[in-house]
Amino acid sequence: PLSTKTSSTKRYFTMDESLTSETTFFHQLPFSNFQTRSSTNQDYAESTMPTWLRLEKAHLLRHNMERLRESMISSYFTESEVLKLNYAIEEAADGDAQRMAGAAEFCLIMVETMEMGINALIAAAFHYAHCISARKRASSLPERDLSPWDDSMPHHGIESFGKHAFSIERDAARLKRLEMVASLVHSNNSHRVTPDSQEANNLRNLFLTEAKDWRALAIRGAACLYRLRGILKAGEGSSNQHVTKEIGRVCREALRIYAPIASRLGMHRLKNELEEAAFRILYRRQYETVSALLHEKRDPNNMPHLARRDSRLGITSQPDIGESMQQILSEVQAEMTHLLQNDPVFSHSVEDFSVTARVKESYSTWKKMLRNRFDHILQVPDALALRIVLTSKKENPYESDAVTRARERALCYYAQKLCKDRWAPHAEDPRFKDYIANPKSNGYQSLHYTASTEWHGEEWTMEIQVRSGEMHKVAEFGVAS
């Protein structure tokens, strides 16, 4: 049954409605008019909220809404869609500035880490508000009472934003209730760490089976990242943040449930952020160890060219490993861009291309070092990586997309050949991987190989990846993007 509570906003929307700049309500929301917290009962409820929901955010409302708008516009949402989401956030939060600021931050995660449409973002705003309301109601009830998480009662107002947003939010609410039931069951096993590997595997399979819409899974993944970011924010300024049982459970859920689900959906940006944040919180000593490796100094005896230069110039300090990595990437990135720009075949065939560089994330580096029993970060073959992303020109306006995609695949192989001629494959382990001809099960496509480069008299390895713009979109945001 749908709630009959009156809407607090001035305007309802339907999915078929067309908004234009001439519409009378097309203006920035009056942020100063929204409610702020004041009551003692509300303060008590918030004192019982988990760490990530105790942070004061009302003063960030304007900032968060503007960041959300900028991110949406840069992701090719229309002003009409931005306005629709603004009103959905206000409606979901009942005009409360604290909740609106949190909902805007939650939706921003969705925009930045995965390509979600307006229906999923509206559903996310209402799901956030539903979870906050349920948390506050649960604070005054017995611990094992799950009635606040009843997924049969939708948040008032969402039905006015269309059936698609409504169904996604209901699906996300059902997954949240399953999560709470599982948490309650696991809490009975207080003598051990939960969820363990088997429980996590069972929950992943349960969520994947029960989810009717993959976007509901994406919303729950974003919720997990929201929790982790809140925990990190709450711990800022503290050198020894205590990892409570609840915080530990959130981190293990991120590593064992939501990161693998994000990977299965092909949402690698979300997966990487979940793993990195959880790693920083749950395995602080290991995180600091990996970070310390990047700050180690190189042995000047192994860098004769650099040592002679520094001696001549009177320089006594040496770049640490992390600084050396960044310098190598910067130099190779510039040279690779110049190489591609000046190749007549490549430059004539592409509409656009980019060369980006990165140092491998801490969690992935740590896992690979453990798995391969490496003693140092420099033994990780893809600790450094460069990626070419290209978009092919159409030879004529009538050329089909299929023909253009085929040309892009051929250009990927051509770009890789140019790179191989300049940066030779590593002699011992070139690690060639052709995911274009043999895509991964989640749709991932790209060309990989491990190359060698010399920098200041030393050999360094790096991974070079080549993919099309369409392949990159799938790799970052998932097959459904």
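Contact here means heavy atoms within 4.5 Å. The legends below refer to a predicted model.

**Figure 1. Overview of the predicted protein.** The protein comprises 17 helices and 5 strands. Of its 481 residues, 51% are buried. Among contacts with a sequence separation of 6 or more, 73% join residues 24 or more positions apart. The exposed surface amounts to about 23000 Å², of which carbon and sulfur atoms supply 49%.

**Figure 2. Surroundings of Leu85 in the largest nonpolar core.** In soluble globular proteins, nonpolar side chains tend to be buried together. The largest nonpolar core of this model holds 84 residues, and Leu85 and Ile89 have the most contacts inside it. When residues up to four places away in sequence are left out, Leu85 touches Leu68, Met72, Cys107, Ile118, Leu121 and Ile122. A second core, separate from that one, has 36 residues, including Ile328, Ile377, Ile436 and Ile464.

**Figure 3. Salt bridge between Arg69 and Glu79.** Side chains of opposite charge can pair when their charged atoms come close. The whole structure contains 25 salt bridges. In the one shown here, the closest N and O atoms of Arg69 and Glu79 are 2.3 Å apart. Arg69 belongs to helix 2 (residues 61-74) and Glu79 to helix 3 (residues 79-92), so the pair ties together parts that are 10 residues apart in sequence. Arg69 is partly exposed, at 29% relative accessibility, and Glu79 is also partly exposed, with a relative accessible area of 34%.

**Figure 4. Salt bridge between Lys473 and Glu115.** The side chains of Lys473 and Glu115 form a salt bridge with an N to O distance of 3.6 Å. Because Lys473 lies in helix 17 (residues 469-477) and Glu115 in the loop between helix 4 and helix 5, the pair ties together parts that are 358 residues apart in sequence. The relative accessible area is 28% for Lys473, which is partly exposed. Glu115 is likewise partly exposed, with a value of 36%.

**Figure 5. Position of Gly117 relative to Arg215.** Gly117 is placed in the loop between helix 4 (97-113) and helix 5 (118-138). With a relative accessible area of 39%, Gly117 falls between the buried limit of under 20% and the exposed limit of over 50%, and is therefore partly exposed. Gly117 and Arg215 are separated by 98 residues in sequence, while their C-alpha atoms are 9.5 Å apart in space.

**Figure 6. Buried salt bridge and charged network around helix 9.** Arg249 and Glu253 form a salt bridge in which the closest N and O atoms are 2.9 Å apart. The two residues are 4 residues apart in helix 9 (residues 245-264), so about one helical turn separates Arg249 from Glu253. Arg249 and Glu253 are both buried. Through salt bridges that share partners, Lys176, Glu179, Arg220, Arg227, Arg249 and Glu253 are joined into one network.

**Figure 7. Environment of Lys368.** Lys368 is located in helix 15 (residues 362-372). Its relative accessibility is 12%, which means that Lys368 counts as buried. Leaving aside residues up to four places away in sequence, Lys368 touches Lys360, Phe374, Val380, Pro381, Asp382 and Arg431.

Definitions and conventions. Residues are numbered from 1 along each chain as its sequence is written. This is a predicted model: local features need pLDDT of at least 70, side-chain atom pairs count only at pLDDT 80 or more; totals for chains, interfaces and linings use all residues. Side-chain values use heavy atoms; hydrogens and water are left out. A nonpolar core is a set of buried Ala, Val, Leu, Ile, Met, Phe, Trp, Tyr and Cys residues joined through side-chain atoms within 4.5 Å. Buried means under 20% relative accessible area, exposed over 50%, partly exposed in between (1.4 Å probe, protein chains only). A salt bridge is a side-chain nitrogen of Lys or Arg within 4 Å of a carboxyl oxygen of Asp or Glu. Accessible areas come from the Shrake-Rupley method with a 1.4 Å probe; for residues, only the protein chains shown count as cover.
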